[in-house]
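Please read the following walk through the fold with the sequence and the coordinates open beside it. It starts at a loop and then moves to the sheet, the helices and the backbone exceptions.

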Amino acid sequence: MEQLVNQIKELKDKIVANVEKDAEAFRIKYLGTKGLVKAIMGEMKNVAAENKKEAGQKLNEFKLFVEEKYEELKQATSSTPITNHQSIDLTLPGDDLPLGSRHPISLVKNKIISIFQRLGFAVAEGPEIEDDFHNFTALNLPENHPARDMQDTFYISQNPDWLLRTHTSSVQVREMQKGKLPIRIICPGRVYRNETISARAHCFFHQVEGLYIAENVSFADLKQTLYFFVQEMFGKDVKVRFRPSYFPFTEPSAEMDISCLICGGDGCSVCKKTGWVEILGCGMVHPNVLDNCGIDSNKYTGFAFGMGIERITMLKYQIKDLRLFSENDMRFLKQFTSAV
Ligand code: DAH
C-alpha cells in the first residue's frame, strides 16, 4: 500500500513539474491503453484485501487528476492550430514587421544640418532647462527689457532663475563662453514659449540657430550663407529678400523672406497676397553680446540667424496646421517616408 501511495505521489509530482506541451502525447503516455494510469491501476492486485478500499479511492483520485490535466492541456494548446510539426512550412516568408518612418521635423532638421555642415558649420547642443543669463541677459536682454515680453516662457518653481529655453540662442552663448575662436556652429533643438496653441503657434517647437564669429565677418557673408541655404532647401528658383528688423542680440538685424512657393510670388492666401513668406531672423552679433560672453568685440565680428523648423517644414510640404506635428496621427506621419 505504502509503495502504491509513493508511486502515485511520484507520478503526480512529475506531471505538475513538467506538464507535456503536447496534449496528445500526454494522453498516450498517461491515459492510453498502455499508459501509466492503467499500469498503476494494475497494482491493485498486490494490495492487501483490508487496504483495497483506500487504495481504490487513491487510484480513482489520481485518474481524475490526470484527466483534468489532460483537459487543461487540450484547452491551452487548442488555440495553436498546428499540432504537428510537419505541417509548418519553413519556406514561407515571415510576417511583415510594420516599419516606422522619420518624423517630418526630424527629416527637415537633418536636411538643414547637412546643408550647413557642407559650409563648415558644426552642430552644438545645450540644455532645454536654461538659466536666465544664458537665455536672456547674455543676449543683451537684461531683466525688465521689453523684448522679453515676446518670449514669455515656463519657469521652474524650484528655482526662479531656471526656465525652459525660448530659443537655442542660449547654446550660442555657451559656445562663445568656451572662448575657442573662430566659432562656426548651428544649434538645433526644442524650445518653449508660453503661447496659446493654434494652427500657427504652439507652446513648444523646434529651431535651428546659427553663429559664425571670426575676424572680418560681414553682412555680405551672412547674406550669401543664407542664400545658399535657401537654394539648397527650396530649389534654385527661390528668391530672397531681407527686411530690417529688431533683435536685442544683433545689430543691424533683419528678417529674411523667400518668394512664396505656393503661388510663385503672384500672391495667394499663404503669403497673404504679398508673394513673400518670412522664414528666419538674423543679423550681426551685437558687440554687447560678444563682451558679455568674454569675446573681444574690437577684434571679432560675427553673424547669427535663427529659424523655426516647423515653419520650414510647413512651407516645404504645404502643411497648414502646426498642431499636426505633435498629434501622433499615423495618417499624417505615414506620408513622410522618404528622405527630403
Ligand atoms: N532667437 C530669435 C527667436 O527665437 C531668432 C533669431 C533672430 C536668432 C536673430 C538669431 C538671430 O540668432 O540673430 O525669435
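N216 is found in the loop between strand 5 and helix 8. The model is a predicted one, and in it the phi of N216 is near 65 degrees, a positive value in a residue other than glycine. With a relative accessibility of 70%, N216 counts as exposed, because the cut-off for that class is over 50%. The two elements that flank this loop lead into the rest of the description.

Strand 5 belongs to an open sheet of seven strands, whose order is 1-4-5-9-8-7-6 and whose pairing is mixed. The edges are strand 1 (122–123) and strand 6 (240–247); each has a single partner strand, so one side of each is left without a neighbour in the sheet. On one side of strand 5 (residues 204–214) comes strand 4 (residues 183–192), and ten bridges join these two antiparallel strands. Within that pair, I183 stands opposite I213 of strand 5. Strand 5 is also joined to strand 9 by eight bridges, again in the antiparallel sense, and here Q207 has G308 of strand 9 as its bridge partner.

Strand 9 pairs in turn with strand 8, antiparallel, through five bridges. M284 has its bridge partner in strand 9, namely F303. Seven of the eight residues of strand 9 are buried, so this strand is largely enclosed by the rest of the structure. Further along the sheet, strand 6 and strand 7 pair antiparallel over seven bridges and form a hairpin with two residues between them. In this hairpin, F242 is the bridge partner of M256 in strand 7.

Next come the helices that pack on the sheet. Helix 5 (residues 104–118) touches strand 1, strand 4, strand 5 and strand 9 (301–308), and its direction makes about 165 degrees with that of strand 4. Helix 8 (residues 219–234) lies across strand 6, strand 7 (250–259), strand 8 (276–285) and strand 9, at about 145 degrees to strand 8. Strand 9 is thus on the contact list of helix 5 and on that of helix 8.

How are helix 5 and helix 8 placed with respect to each other? They pack at an angle of about 135 degrees, with their axes 10 Å apart. The two helices are therefore oblique to each other, and their crossing is right-handed. On the helix 5 side the contact is made by V108, K111, I112, I115, F116 and R118, which meet T225, L226, F228, F229, E232 and M233 in helix 8. By class, these residues divide into eight nonpolar, one polar and three charged.

A second helix pair can be described in the same terms. Helix 2 (residues 23–31) and helix 4 (residues 52–78) pack at an angle of about 165 degrees, and their axes are 9 Å apart. Helix 2 and helix 4 are therefore roughly antiparallel to each other, with a left-handed crossing. Helix 2 contributes A23, E24, F26, R27, Y30 and L31, which meet V66, E67, K69, Y70, L73, K74 and T77 in helix 4. This contact has seven nonpolar, one polar and five charged residues.

Helix 7 (residues 169–178) has seven of its ten residues buried, so it is largely enclosed by the rest of the structure. The buried ones are S169, S170, V171, Q172, V173, E175 and M176. Their cover includes strand 2 (129–131), helix 6 (132–135), strand 4, strand 5, helix 9 (287–292) and strand 9. Just after helix 7, G179 takes a positive phi of about 75 degrees. A cis peptide bond then joins L181 and P182, with omega about -5 degrees; P182 lies in the loop between helix 7 and strand 4.

Some other backbone exceptions remain. Most residues other than glycine have a negative phi, and most peptide bonds are trans. E251 and P252 are joined by a cis peptide bond with omega about -5 degrees, and P252 lies in strand 7. N140, which is not a glycine, has a positive phi of about 70 degrees. Is N140 buried or exposed? At 17% relative accessibility, N140 counts as buried, because the limit is under 20%. N140 lies in the loop between helix 6 and strand 3 (162–164).

Conventions
Residues are numbered from 1 along each chain as its sequence is written. This is a predicted model: local features need pLDDT of at least 70, side-chain atom pairs count only at pLDDT 80 or more; totals for chains, interfaces and linings use all residues. Side-chain values use heavy atoms; hydrogens and water are left out. Axes are lines fitted to C-alpha atoms, for helices over the stretch in contact, and angles run from 0 to 180 degrees between N-to-C directions. Helices (H or I, at least four residues) and strands (E, at least two) are DSSP runs, numbered from the N terminus. Angles under 35 degrees count as roughly parallel, over 145 as roughly antiparallel, 65 to 115 as roughly perpendicular and the rest as oblique. A crossing is left-handed if the near helix is turned anticlockwise from the far one by less than a right angle, and right-handed if clockwise. Contact means heavy atoms within 4.5 Å. Ala, Val, Leu, Ile, Met, Phe, Trp, Tyr, Cys and Pro count as nonpolar, Asp, Glu, Lys and Arg as charged, and the others, Gly among them, as polar. Two strands pair if DSSP finds at least two bridges between them. Buried means under 20% relative accessible area, exposed over 50%, partly exposed in between (1.4 Å probe, protein chains only).
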